Amino acid sequence: MKDINAEHPAAQPAPMDMFSRTISYLRLSLTDRCNLKCMYCVTEDEKNGCLVKLGQDELLTYEELLRVVRVSVGMGISKLRLTGGEPLVRNNIMHFIRHLAEIEGLDDIRITTNGVLLEKYAQGLFDAGVTKVNISLDTLQRDRFAEITGVDCFDRVWKGIETALEVGFSPVKLNMVVMRDINDDELPAFAELSRKMPLQIRFIEFMPIGTSTRWTRDTYMSSDEIKARFGALGELIPQEKQQADGPASVFKLGADAGGSLGFISPISHHFCDRCNRLRLTSEGRLRSCLLHDEETDLKSVLRAGCSDADIRETLLTAIRNKPKGHQMAERLKEDGGDCHGRMSRIGG
Ligand code: SAM
């Protein structure tokens with residue numbers, strides 16, 4: 001592996017897009033492979049064996065990824081999230097993360113995982129300097145977990161969550177995609193969990209994204225509707241906004257709750273005006289808006305023997321092309337509004 005700090009340019013203020021938003025947050029989808037087959041990510045056919053995955057040479061190598069991150073950090077990007085697919089299934093992931101953590105100026109490395117391998121990796125991630133872990137969990141019921149994800153491993157994920165807490169991650173965030181008539185009956189159970197455990201449980205609106213999504217107008221629930229379900233359970237006390245909350249609005253269910261509840265409303269109350277994100281898909285394409293399919297091909301630039309200045313220019317082009325907003329609520333009223341990118345390649 002190359003010396004990743006070679007040519008490290010002095011950090012600058014993070015770049016701004018055409019709408020005066022500061023872009024300080026890069027999300028890397030490390031692989032489109034996953035050890036689960038969630039119902040909103042894969043179709044029934046794909047689940048039964050015809051899921052086409054990217055070849056090894058289609059993914060960016062760790063050297064390429066480290067180079068992109070080093071250039072990004074030199075441009076002022078300071079926060080990174082590792083996602084996928086499932087980031088922890090990529091070979092030698094800890095080796096990569098340890099090299100990432102050595103990049104000067106990168107003070108915030110986070111990971112989004114399904115938790116299946118977290119019991120094994122939590123301590124190593126914490127020791128390597130990963131600052132926060134988000135774990136996706138759409139149900140607390142073992143049988144339903146198997147139905148939603150296609151794999152009967154709720155207990156392993158739960159052990160992963162416990163291990164993340166034990167090794168010292170704080171807060172540990174759980175992401176629940178709320179889907180009407182699929183898991184919305186569990187909202188009270190998740191709320192109860194937030195009273196008992198120091199978890200931030202985040203309810204995410206189901207988005208119409210991916211060629212195989214099971215999204216329909218009926219399965220979608222807005223954050224307002226989700227939040228209203230908690231009315232009968234106790235007082236929702238708004239919490240002061242922390243930088244780590246990202247776009248979530250956070251509440252505690254009662255003053256003595258050990259954890260909290262977060263609501264993320266990409267559709268009903270979008271946060272496009274303060275979006276600070278740039279995504280790098282697992283096939284090496286820069287995507288400046290989750291819900292717009294326009295992408296900039298960075299992999300071809302990297303593989304054409306480019307300089308760091310070329311990488312910087314490509315990143316800036318993607319930032320300049322970042323749309324003002326996704327207008328998904330309006331698009332849905334007009335034409336269905338779905339996006340065709342695959343969530344496993346984009347990373348969420
Ligand atoms: N494998 C990792 C995991 O499960 O957390 C990371 C990748 S996954 C694509 C990232 C996040 O996107 C997960 O929390 C998942 O629930 C969420 N997600 C996937 N499809 C979604 C959709 N259509 N709407 C909202 N969230 C979605």
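Helices, in the sense used here, are DSSP runs of H or I that hold at least four residues, and they are numbered from the N terminus. The structure above is a predicted model, and this briefing looks at three of its helices, its nonpolar cores, its aromatic rings and some backbone angles. One helix serves as the starting point: helix 6, which covers residues 154–167.

**Helix 6 and its surroundings**

- Helix 6 has 14 residues and reaches 20 Å from its first C-alpha to its last, which is close to the 20 Å expected at 1.5 Å a residue.
- F154 and W158 lie 4 residues apart in helix 6, so about one helical turn separates them. An α-helix has 3.6 residues a turn, so residues three or four places apart point the same way.
- These two residues, F154 and W158, form a stacked aromatic pair, with 6.1 Å from centre to centre and 15 degrees between the planes, and both of them are buried.
- The buried residues of helix 6 are F154, V157, W158, G160, I161, T163, A164 and V167, and what covers them includes helix 4 (118–128), helix 5 (142–149), helix 7 (187–196), strand 4 (132–136), strand 5 (172–178) and strand 6 (199–205).
- Just after helix 6, G168 takes a positive phi of about 115 degrees.

**Helices 4 and 10, each with its buried residues on one side**

- In helix 4, the residues L118, Y121, A122, L125 and A128 are buried. They cover an arc of only 140 degrees around the axis, and therefore they lie on the same side of helix 4.
- On the other side of helix 4, K120 and D127 are exposed, while the buried residues of this helix pack against helix 3, strand 3 (108–113), strand 4 and helix 6.
- Just after helix 4, G129 has a positive phi of about 110 degrees.
- Helix 10 (residues 308–320) has 13 residues, which at 1.5 Å a residue should span 18 Å, and its end C-alpha atoms are indeed 18 Å apart.
- D308, I311, T314, L315, A318 and I319 are the buried residues of helix 10. Because they cover an arc of only 140 degrees around the axis, they are on the same side of helix 10.
- The elements that cover the buried residues of helix 10 include helix 2, helix 9 (298–303), strand 10 (277–280), strand 11 (285–287) and strand 12 (295–297).

**Nonpolar cores**

- In soluble globular proteins, nonpolar side chains tend to be buried together.
- The largest nonpolar core of this model has 97 residues, of which L28, L82, F96, L100, L125 and F203 touch the most other members. Helix 2 (residues 62–74) gives the largest share of this core, 7 residues.
- L100 touches L66, V69, L80, L82, L106 and I109, when residues up to four places away in sequence are not counted.
- Apart from the largest core lies another core, of 5 residues, and I204, A248, V250 and I264 are among them.
- T83 lies in strand 2, and at 3% relative accessibility this residue counts as buried. T83 touches L28, S29, L30, T31, T112 and G347, again not counting residues up to four places away in sequence.

**Aromatic rings and charges**

- The structure holds 10 aromatic pairs, and F203, F230, F251 and F263 form one aromatic cluster.
- K79 lies over the face of Y25, at 4.1 Å from the ring centre, and the charged end of R90 sits over the ring of Y62, 4.3 Å from its centre.

**Backbone angles worth a look**

- Most residues other than glycine have a negative phi, and most peptide bonds are trans.
- N92, a residue other than glycine, has a positive phi, near 55 degrees. N92 lies in the loop between strand 2 (79–83) and helix 3 (93–101), and this residue is exposed, with a relative accessible area of 56%.
- D181 is not a glycine either, yet its phi is positive, at about 65 degrees. D181 is found in the loop between strand 5 and helix 7, where this residue is exposed, with a relative accessible area of 70%.
- A cis peptide bond, with an omega of about -10 degrees, joins S170 and P171, and P171 lies in the loop between helix 6 and strand 5.

Key: Residues numbered from 1 in each chain as written. Predicted model: local features only at pLDDT ≥ 70, side-chain atom pairs only at ≥ 80, totals over all residues. Heavy atoms only, no water. Phe/Tyr/Trp six-rings, centres within 6.5 Å; stacked < 30°, edge-to-face > 60°. Helix = DSSP H or I, 4+ residues; strand = E, 2+ residues; numbered from the N terminus. Buried < 20%, exposed > 50% of the residue type's maximum accessible area, 1.4 Å probe, protein only. Lys NZ or Arg CZ within 6 Å of the ring centre and 35° of its normal. Expected span 1.5 Å × (residues − 1). Contact = heavy atoms within 4.5 Å. Core = buried A, V, L, I, M, F, W, Y, C linked by side-chain atoms within 4.5 Å. Arc of directions from axis to C-beta.
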